[in-house]
Amino acid sequence: MPRSLRNLEPGGIYHVTARGNRKQRIFLADEDRELFLTLLARITIPLRWFFHAYCLMENHYHLVIETPEANLSAGVQRVNGRYAQAFNSRYALSGHLFQGRFHSVPVKSDGHLLELARYLALNPVRAGLCARPEDWPWSSCRAVLGMVSPPTFLRIERVLNCFGLHAEQQRANFDRFLR
């Protein structure tokens, strides 16, 4: 039986996740995560995508992507494929890195977007990888809190604008929202 097509919309926002095959780790070193973020930026610039949040865990990742065109599948397949090739080459492996298709859920409201921003920031804390969300360098949390400059593909304004009018107030309110 064929897979059903994804319902994609131009201008849609999606929560995308992909997990390692057999739940294996897809990031073995910080350099792997750096490579993934570099590929993400390089591949998605021509697609005109931008991201509202992200979190790279050990055996999976989360992305909140806004796509001006209905091209989510082509872009995620390209990112996953290029990353898997580089990962396999680096570690002298072969075969699938990712488990099946990536998962995507449309984000239909700012409330949903905010819950995702919190969920992604708290994911490494709940997994025992760090004590506080801002301690995990592989998520958008530190950029939203103003601790680091956002990567070129990350647009923190939509999340922050839900927390007030001025940057300091927005960041303080987002920090309270996380806690």
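**Exercise 1.** Over the ring of which residue does the charged end of Arg118 sit?

*Solution.* The model is predicted: local features need pLDDT of at least 70, side-chain atom pairs count only at pLDDT 80 or more, and totals for chains, interfaces and linings use all residues. Residues are numbered from 1 along each chain as its sequence is written, and side-chain values use heavy atoms, with hydrogens and water left out. The test for a charge over a ring is that NZ of Lys or CZ of Arg is within 6 Å of the ring centre and within 35 degrees of the ring normal. The ring under the charged end of Arg118 is that of Phe177, with the centre 3.7 Å away.

**Exercise 2.** Classify the ring pair of Phe36 and Tyr61, and place it in the chain.

*Solution.*
1. Rings of Phe, Tyr and Trp (its six-membered ring) pair if their centres lie within 6.5 Å; planes under 30 degrees apart count as stacked, over 60 as edge-to-face and the rest as tilted.
2. The count by this rule is 14 aromatic pairs.
3. For Phe36 and Tyr61 the centres are 4.8 Å apart and the planes stand at 40°, so the pair is tilted.
4. Phe36 belongs to helix H1 (residues 30-44) and Tyr61 to strand S3 (residues 60-67); with these positions 25 residues apart, the pair links distant parts of the chain. Helices (H or I, at least four residues) and strands (E, at least two) are DSSP runs, numbered from the N terminus.
5. Both Phe36 and Tyr61 are buried, that is, under 20% relative accessible area with a 1.4 Å probe, protein chains only (exposed is over 50%, partly exposed in between).
6. Phe36 and Tyr61 also belong to one aromatic cluster, together with Phe27, Tyr83, Phe87, Tyr91 and Phe98.

**Exercise 3.** Describe the setting of Cys130.

*Solution.* Cys130 is in the loop that runs between helix H3 (110-126) and helix H4 (141-144). Its relative accessibility is 14%, so Cys130 counts as buried. Neighbours within four places in sequence left aside, Cys130 has contacts (heavy atoms within 4.5 Å) with Pro124, Val125, Asp135 and Trp136.

**Exercise 4.** What pattern does the chain follow along the sequence, and what is its radius of gyration?

*Solution.*
1. The chain has six helices and four strands, in the order β-α-β-β-α-β-α-α-α-α.
2. The radius of gyration is 16 Å, close to the 16 Å from the globule rule for 179 residues, so the chain is as compact as a globular protein of that length. The radius is taken over C-alpha atoms, and the rule is 2.2 Å times the number of residues to the power 0.38.
3. Buried residues make up 47% of the 179 residues.
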